[in-house]
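Notebook open, coffee ready. Here is what I looked up today, spot by spot.

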Amino acid sequence: MQTTDGATGRRPSRPRHHRRSLAVLLAGLLIGTTALAAPAAARPASSSPGAATTETAGVHSGRRIGSGARDTARVRVDARAAARAAAATPREKKVHERLSPPDNGAKGTPVTRATSNLVTGGSLDGITPRVVAQPAPVVTLEFPGTTRNEACGCEPPDPWIAVSPTHVVQATNGLVRISNRAGATIITMPTWALFAVPADHYDADPRIIWDPIHGRWVGVLLSFPGTYDDNTLHLAVSESADPTGAWIVYPIANGTFLPDYPGISSSSDKVVLTSNDFELGSTYVGPSAYVMDWSNILAGTDLFVGGFYENDTVAHYRPAQMLSSSARIPVIFQGPSALAPWYFEIVGSAATAAQANRMNLSSSFGIATFTPPPDPVQPGGIAISNAVDHRPTDAVYRNGALWFTATGEYVSTGSWALARYSRVTTSLNGTPPTAAADTFAALAGTHFFQPGIGINGAGTLFAMATKTDAAVFPTTMVGAITLGGTIHPFEEIESSSASYTGNRWGDYVGIAADPSAAGAVWMAHELVAADGTWRTSVARIVSDGTAPSVPGAVSQVQVIPSTLGSTVPVRTSWGAATDTESGVASYLVERSDDSGPYVGMRTQSTSITAPLRINHSYQYRISAVDAVGNVGAPVYGPKYWPRLYQSTSYTTVTGTWGTTSSTSYSGGSTRYSSTAGSTATFTATLARSIAIVTTKAASRGSFKVYVDNVYKGTISTYSATTRFRQLVYQFNWSTAGTHKIKIVVVGTSGRPRVDMDAFVVLR
């Protein structure tokens, strides 16, 4: 959650700990056009401490989520209309402090091993090496994100990002910004507008993800009144792949339980939301999981919400972002013993949701416990008080690897914040995880905190953290761990130029896999603005060791319409290349004139137009360049010559034709005819393209064109302004050969004249 400038920024005093046995409840909630959820009641205790249990669907002996006490229709939100309306009706923003579940007095075990930068803290068991190791990450695009002053006047920003093949959606507390993939803003709107938050509620903790399986955007947001007695999770799902279009919002009422720190995940068959629940916003009672079926959402019918919850001995459900197709969703959480990281998988449908393969990862595989970090210190000895805590902030799954991250404590000559990246080997095929290992970013005298993680399509983990020390203002660092286990140490991405004046950082960092490039991820991260408040930045980061493919065949045509002078404008085109890792960013276009050296330029297009001299030879070669600068093998076009033929050369005529002279015509003269049916046939050998040169004027009419005796169309040479030596038609072939162009005078009423001035041939 967020905190205002007026708040102390300290963690709330820990509530009295109510030790209860673990309970998991299957909740049936029907969300439709007439009714939503009832306020939640007290939670029941189970008879089996430490073991997850479920109940039969529809039977609720304790917390009642589906009695229909509130009449709340699901809401259809048009993003563009909502943004316009929100601009005209701003709202007051209310925020509250971070809520921290009790830790039972456990402190965890600080990391004490000698570590620096991004290094392994254990063996990376179960990782299959790649044939080609991926190189270090490179930033290929960066643009400013939202700022505190425009978003919410609160802290922290909770920066998040989601990316589709066409759009980038950035979310922070208070604001959602939709842009294209070049960073140009399309829509900016308050979070309350997109998630249809009631006017008497405030909101926080937005997360939006892109689901490539279903081609939809899915988001979650927490809303609450000032009294914390009518709290809601808002599930928002776009109706199409266009985030600027319509969204359906399902408010999931939570009564007096504030569903703090919401998480979100989408699998092949379900959407999962999670939360830490605080009664009336103060007393922690345990985490919850909400499960919805995709079939239900896509059908557009009333939404059934199932799920389960546990008591206050556990906390911080982090459902993994699913980057591989699976029905199961793995979850990382803080378990009931000594701040240990635990694991389970959500299985079943909304009506049968349950836990599977639950285990303590510390006792099973020896990985580190969660450890409360110290406050990071900036230049001048300025601490960011209460900046971070030990909770797991994110989890991501792809192809057998589940990664999760958290901030912890590193002890050497002092106590320093460290960034933790932990990998769990799990197949999601029904068997439990088989291995787990930690990697740490830790260095004496330096704080690494609020880490983020993302996995690109090649399986490389992108590991991010904020860095500060006595001489370094908050700086974003990014490293990588390849699928084969190669570690690329942290490199600076962007730095701040001032100390942070706030007392919260994070609470998380969004890193999204790029669905259009297997080597790329997108990141939205926090930095310090010039006034000491927060700002965010968006970056596309790539690890790409593969060159693009060879472009397609090269071809040339004369540009129509254009004017013939001492040169002729020729457009050279080629087929697009492909690059699966980072995408083709540009093409290196090189040209050899009269068999001389190749001289090049860059273009992002798949064609280039250049004025070429008549009777000189030209040859192009084209190479694709990807987003990190890898250059692929070139494709060579044919060597060719632009040739100019006057109307008296290689041309046969029928009917009535005259000749007139002027320096305005090509070669000083032109043939012309005003007699309907008169023809002129030009024959060229070794021709790749033929263009017709004529005069356009108010007194000129139309002619028909035949190419190799096939009618191609009728060309008008009328123009209010007289224009000489005009290229008005061209036809080209994939290979050189002998071809004919025939002109047939139409005899246009009042302006029958047609000039046959010249022909330009590319041979």
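Before the hairpin, a definition: I count two strands as paired if DSSP finds at least two bridges between them. Also for the record, this is a predicted model.

Entry one, the hairpin. I looked up strands β30 and β31 and found that they form a hairpin with 5 residues between them. In the turn sits Gly459, which has a positive phi of about 90°. The strands, residues 446-455 for β30 and 461-469 for β31, run antiparallel and are joined by 8 bridges. I picked Ile453 and checked its partner across the way: Ala463 in β31 stands opposite. Then I asked how many residues of β30 are buried. The tally is 10 of 10, so the strand is mostly covered, given that buried means under 20% relative accessible area.

Entry two, the cysteines. My search for disulfides gave 1. The disulfide links Cys152 with Cys154, at 2.0 Å from S to S. I also checked the twist about the S-S bond, which is -80°, and that makes the link left-handed. Are these two buried or exposed? Cys152 has 12% relative accessibility, so Cys152 counts as buried. Cys154 comes out at 0% and is buried too.

Entry three, a loop serine. Ser595 lies in the loop between β40 and β41. Ser595 counts as exposed because its relative accessibility is 53%, and exposed means over 50%. I looked up what Ser595 touches, leaving out residues up to four places away in sequence, and got Ser617 and Lys639. With Lys639 there is a side chain to side chain polar contact at 2.8 Å. Last note: Tyr618 is 23 residues from Ser595 in sequence, yet their C-alpha atoms are 7.4 Å apart in space.

Technical notes
Residues numbered from 1 in each chain as written. Predicted model: local features only at pLDDT ≥ 70, side-chain atom pairs only at ≥ 80, totals over all residues. Heavy atoms only, no water. Buried < 20%, exposed > 50% of the residue type's maximum accessible area, 1.4 Å probe, protein only. Helix = DSSP H or I, 4+ residues; strand = E, 2+ residues; numbered from the N terminus. Disulfide = S-S within 2.5 Å. Contact = heavy atoms within 4.5 Å. Polar contact = N/O pair within 3.5 Å; in protein donor to acceptor, adjacent residues only side chain to side chain.
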